[in-house]
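Let's take a look at the salt bridges here, and at how open to solvent their partners are.

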Amino acid sequence: DYGALSVITTAVALVVGLTQLGLGSAFFRSYNYDYESRSDRLGVLSTVVILLLLVSLPVLLAIILAAPWLAIFLLRDSSFSDVIRLGALVMLMQNLTVPGFAWLRAENRAGFFTTLSIINLLVNLGTTLVLVGILHMGIAGSLIGTGSGFAVVAICTLPLILIRAGFH
């Protein structure tokens, strides 16, 4: 199972790198150097959220639909289809943390950034320990733990972003 988890997390990291389109770095350039007004900066933030959703959601759907084929291709066993689907959800959750973390860094909100980062790690750790160590859920438990940490960050940042920047 550990080998399969390693392959899946590597695939997730690859897909995350591709689907983020370098928007974290591009956000900083636009937010800090290209625009000065608050409304323009919030427009950049909103655009990053929209772009990530426009790329991540179709990729998520494609992976969910192609999971049996991907399981055979990556792991030589179609029984890993469900954990491939969980990996796709982890990708989505990780991508949804990008705007929040980038925005907090750009706004020099070190306290909130650090708190969210630590909460992410603690939720990931706690959920993984319970799901893998106590409930013996294996690969699925590990991926759910990872995704849970990212989900908490997304839940804490996306509503703030949507309230302040809107969806345009």
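For what follows, a residue counts as buried under 20% relative accessible area, as exposed over 50%, and as partly exposed in between. Keep in mind that this is a predicted model.

Some background first: side chains of opposite charge can pair when their charged atoms come close. In this model, the count comes to 3 salt bridges. Here they are, with the N to O distance for each:

| Basic residue | Acidic residue | N to O distance |
|---|---|---|
| arginine 29 | aspartate 34 | 3.9 Å |
| arginine 38 | glutamate 107 | 3.5 Å |
| arginine 85 | aspartate 82 | 3.0 Å |

What does the salt bridge between arginine 38 and glutamate 107 tie together? Arginine 38 sits in helix 3 (residues 38-75), while glutamate 107 is in the loop between helix 4 (81-106) and helix 5 (110-134), so the pair links parts that are 69 residues apart in sequence. Arginine 38 has a relative accessible area of 44%, so it is partly exposed. Glutamate 107 is partly exposed as well, at 27%.

The pair of arginine 85 and aspartate 82 is a local affair: the two residues are 3 apart in helix 4, so about one helical turn separates them. Is arginine 85 buried, partly exposed or exposed? Its relative accessible area is 26%, and since that falls between 20% and 50%, arginine 85 is partly exposed. Aspartate 82, at 53% relative accessibility, counts as exposed because that is over 50%.

That leaves arginine 29 and aspartate 34, whose side chains meet at 3.9 Å. Aspartate 34 is partly exposed, with a relative accessible area of 42%.

Conventions
Residues are numbered from 1 along each chain as its sequence is written. This is a predicted model: local features need pLDDT of at least 70, side-chain atom pairs count only at pLDDT 80 or more; totals for chains, interfaces and linings use all residues. Side-chain values use heavy atoms; hydrogens and water are left out. A salt bridge is a side-chain nitrogen of Lys or Arg within 4 Å of a carboxyl oxygen of Asp or Glu. Buried means under 20% relative accessible area, exposed over 50%, partly exposed in between (1.4 Å probe, protein chains only). Helices (H or I, at least four residues) and strands (E, at least two) are DSSP runs, numbered from the N terminus.
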